[in-house]
Amino acid sequence: AGRIALTATGGSVQMAAGAVLDLAAQPGGGGAGSLAITSDGSQVVLDGTIKAQAAAGLRGGAFSLDIAQLPNFAALNQRLNEAGFTRSRGFRIRAGDVMVDGTTLTESFTLAADRGHVTIAGTIDARARYGGSIAIYGGNGITMTRTPILRAGATDSEAHLGLCFIQIRAPQSGAPIVWRAV
């Protein structure tokens with residue numbers, strides 16, 4: 001499996017319609033590759049085709065994003081679901097709030113909002129053969145609405161493992177963090 005890294009310093013990452021990022025496994029088998037995107041700008045546009053599917057029974061693609069702000073988490077995440085990024089997803093959002101909505105399907109999920117608040121309103125399904133993991137860090141707190149579903153259990157009946165970990169990291173200003181279930 002290969003790796004593609006797109007890094008923009010002083011700007012945004014923009015993939016035009018018609019462009020292709022192919023991290024998919026060969027038809028005969030294998031796991032998919034990884035895509036890492038870093039931008040100190042606030043815009044990531046992925047209008048082209050992205051492929052990260054794996055052969056049956058093997059691991060899908062891994063995705064990581066390090067960006068200033070993420071205004072539409074659900075739309076990006078839907079693209080990642082369709083592309084086959086089922087091994088892992090890591091998001092580092094340096095400023096601004098993040099609304100985790102829609103459905104996320106991946107074995108390992110990490111989200112860090114350095115100087116923002118995280119609201120969890122969707123489903124994160126991180127179940128995997130030997131157990132998945134979910135880690136969410138909110139520099140200015142985390143709110144779970146009444147609708148989120150977080151799953152990280154083992155799908156193998158022999159494994160009986162799984163980790164669902166939610167951590168609130170205190171903001172640098174030392175202000176108190178309030179956990180709210182709405």
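Contact, in this tour, means heavy atoms within 4.5 Å. The structure on display is a predicted model.

**The whole chain**

Begin with the entire protein in a cartoon view. One helix and 18 strands are present. Of the 182 residues, 42% count as buried. Among the contacts with a separation of 6 or more, 63% join residues 24 or more positions apart.

**Helix H1**

Select residues 73-83, which make up helix H1. Within this helix, pick Arg-79. Arg-79 has a relative accessible area of 28% and is therefore partly exposed, since that class lies between the buried limit of 20% and the exposed limit of 50%. Neighbours within four places in sequence aside, Arg-79 is in contact with Leu-46, Asp-47, Gly-48, Thr-49 and Ile-50. Display the C-alpha atoms of Arg-79 and Ile-50 as well: they are separated by 8.4 Å, although the two residues are 29 residues apart along the chain.

Next, colour the buried residues of H1, namely Phe-73, Leu-76, Asn-77, Leu-80, Asn-81 and Ala-83. These residues lie on the same side of H1, because they cover an arc of only 165 degrees around the axis. Continue past the end of the helix to Gly-84, which follows H1 and has a positive phi, near 100 degrees.

**The largest nonpolar core**

In soluble globular proteins, nonpolar side chains tend to be buried together. The largest nonpolar core here has 35 residues, and those that touch the most other members are Phe-85, Phe-91, Leu-111 and Ile-136. Helix H1 supplies the largest share of this core, with four residues.

Centre the view on Phe-91. Residues up to four places away in sequence are not counted in what follows. Phe-91 touches several residues of the helix just visited, including Phe-73, Leu-76, Asn-77 and Leu-80. Phe-91 also touches Phe-63, Leu-65 and Leu-70, as well as the run Phe-109, Thr-110, Leu-111 and Ala-112.

**Strands E8, E11 and E14**

Strands of a sheet pair through backbone hydrogen bonds, either parallel or antiparallel. Select strand E8, residues 88-93, together with E11; the two pair in the parallel sense over six bridges. Arg-89 has Phe-109 as its bridge partner in E11. Then add strand E14, residues 133-138, which runs parallel to E11 and is joined to that strand by six bridges. Here Thr-110 stands opposite Ala-135 in E14.

**Two loop residues beside E11**

Which loop holds Thr-106? Thr-106 lies between E10 and E11. With a relative accessible area of 3%, Thr-106 is buried. Show the polar atoms around its side chain: one of the side-chain polar atoms of Thr-106 lies 3.3 Å from the backbone oxygen of Thr-86. The side chain of Thr-106 also reaches the backbone nitrogen of Ser-88, at 3.2 Å. Beyond residues up to four places away in sequence, Thr-106 touches Phe-85, Thr-86, Arg-87, Ser-88 and Arg-89, and also Asp-125, Ala-126 and Arg-127.

Now move to the other end of E11 and select Asp-114, in the loop between strand E11 (108-113) and strand E12 (118-120). Is Asp-114 buried or exposed? Its relative accessible area is 15%, and Asp-114 is therefore buried, as the limit for that class is under 20%. Display Arg-92 too: the side chains of Asp-114 and Arg-92 are joined by a polar contact of 2.8 Å.

**The sheet of E10, E13 and E16**

Select three further strands, which form an open sheet in the order E10-E13-E16 with parallel pairing. Strand E10 (103-105) and strand E16 (149-151) stand at the edges; each has a single partner strand, so one side of each is left without a neighbour in the sheet. From one strand to the next, the twist averages 10 degrees. Strand E13, residues 123-125, is joined to E16 by three bridges. Within this pair, Ile-124 has Leu-150 as its bridge partner.

**Strand E2**

Finish at Gln-14, in strand E2, residues 13-15. Gln-14 is exposed, with a relative accessible area of 57%. Neighbours within four places in sequence aside, Gln-14 is in contact with Gln-43 and Val-45. The C-alpha atoms of Gln-14 and Asp-47 are separated by 7.9 Å, the two residues being 33 residues apart along the chain. Asp-47 was also among the contacts of Arg-79 in helix H1.

Notes
Residues numbered from 1 in each chain as written. Predicted model: local features only at pLDDT ≥ 70, side-chain atom pairs only at ≥ 80, totals over all residues. Heavy atoms only, no water. Buried < 20%, exposed > 50% of the residue type's maximum accessible area, 1.4 Å probe, protein only. Polar contact = N/O pair within 3.5 Å; in protein donor to acceptor, adjacent residues only side chain to side chain. Pairing = 2+ DSSP bridges. Axes fitted to C-alpha atoms, helices over the stretch in contact; angles between N-to-C directions. Core = buried A, V, L, I, M, F, W, Y, C linked by side-chain atoms within 4.5 Å. Arc of directions from axis to C-beta.
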